[in-house]
Amino acid sequence: MRRLSLGASACALLLLGCGAGRIPPSQLTSIAPARVMRAPMSSPSTGLQLHVMPDERDAFFLQSLASAKRSIKLQVYILTHAGVIDALIAAHQRGVEVKVLLEEKPYNPGNPGAPLPTNRAAAKRLTDAGVACRWTNPRFRYTHAKVVTLDETVSFVSTANFTKSGLNAEGKGAREYILEDRSPSDVAAIAALFEADWERRAYTPTDPDLVLSPDNSRTKLFELIRSARREVFLQVEVAGDPELDSVLAAKVKEGVKVRALLADLRRLAPSQDPVYRSNLDVARAWRAAGVEVLFQRKPHLHAKAIQVDGGTFYTGSVNFTSNSMNNNRELGVLVQAPELASALARALEQDFKGAEPLPATSEAPLAPALLAPLWPGLPL
């Protein structure tokens, strides 16, 4: 892993703190609710900012879209946020080249035989306004990546879908991480990936920072875990992969402290579909191997992150399941930046303190259909 500097620190600070159209943290109170919202953590030397949701609101994301002058390349699993759709249309109308890739068939836990209709509504609004919009490549089980690149200079790599909950539009968002990435090598690679997916061409990743499913995510995530000398901390919506179970158990045997937070979806029932493995089953297996594992209920956990030894970390769209690593189009980033590592560590510790232990007795599983209001678009 490596990270390219933008050059002079003053230039990087200008790009990160005073980008065109960005709202300074001091003015966020006019948009955010009365409670104090945290400003994003910056690492000027790496060209990165980490937005911890729901500590922030959607204003930074909308303002960034509004600042685009030449191009917007957006790829996402679910798009329902009306403000994001409006911003894409407005950009197109002012002459910005806008391309949007959407998953055609988001999983519908309420009716697995019928995809969620949300992206069709978004696609219609965009195409009716003249925005170039395509369905993602069906060779992937799901295109679950959430990323947008503006003017070929900055990419937002997100755990959050571009929805009200994901972007904390109304102060009730989930735990999410959005990495604002101005590293030239990362942005160039992400833009190239988008164009390959837009044209449904093969793409071979070469940037060592990028974690890409189905190409290299399994290798890179497990290498990150294996590199730990003192502690591994995982936080993820859903997990379930036999090799991951073995990797974590091996670290525990080495004397490494392993902690994990899973979304409080413990009663998801296994089904005929092999993508299913309940969080309760995963948690029990990890606990038996010596992992300190808890369920996170508040804020609802949709983020995906791995941090080793309080420093290097991964965040992105990849859940820690076999399907997510092997079959989906997913995108994340490996980060070496002390300032951002500290910000992530604080969020992880805060969430761990508020999480709940595993139940002492077995619970009857809940059918996926009954989870639909809580878990839209289950892409495991």
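Two strands pair if DSSP finds at least two bridges between them. The exercises below apply this definition to a predicted model.

**Exercise 1.** Determine which residue of strand 2 is the bridge partner of Met41, and in which sense strand 1 and strand 2 pair.

*Solution.* Step 1: the bridge partner of Met41 in strand 2 is Leu50. Step 2: strand 2 covers residues 48-53, and 3 bridges join this strand to strand 1. Step 3: the pairing of strand 1 with strand 2 is antiparallel.

**Exercise 2.** Describe the sheet to which these strands belong, and identify the edge strands.

*Solution.* Step 1: the open sheet consists of 8 strands with mixed pairing, and their order is 1-2-8-7-6-3-4-5. Step 2: strand 1 (41-43) and strand 5 (132-135) are the edge strands, each pairing on one side only. Step 3: on average, neighbouring strands of the sheet are turned by 15° against each other, direction ignored. Step 4: helix 10 (residues 338-353) packs on this sheet and touches strand 1, strand 2 and strand 8 (176-181). The direction of helix 10 makes about 150° with that of strand 1.

**Exercise 3.** Classify the packing of helix 2 against helix 3, and characterise the contact.

*Solution.* Step 1: helix 2 (residues 59-67) and helix 3 (residues 82-93) pack at about 10°, and their axes lie 9 Å apart. Step 2: angles under 35 degrees count as roughly parallel, and helix 2 and helix 3 are therefore roughly parallel to each other. Step 3: helix 2 contributes Phe61, Leu62 and Leu65 to the contact, while helix 3 contributes Gly83, Val84, Ala87 and Leu88. Step 4: the contact residues comprise 6 nonpolar, 1 polar and no charged.

Definitions and conventions: Residues numbered from 1 in each chain as written. Predicted model: local features only at pLDDT ≥ 70, side-chain atom pairs only at ≥ 80, totals over all residues. Heavy atoms only, no water. Helix = DSSP H or I, 4+ residues; strand = E, 2+ residues; numbered from the N terminus. Axes fitted to C-alpha atoms, helices over the stretch in contact; angles between N-to-C directions. Contact = heavy atoms within 4.5 Å. Parallel < 35°, antiparallel > 145°, perpendicular 65-115°, else oblique. Nonpolar A, V, L, I, M, F, W, Y, C, P; charged D, E, K, R; others polar.
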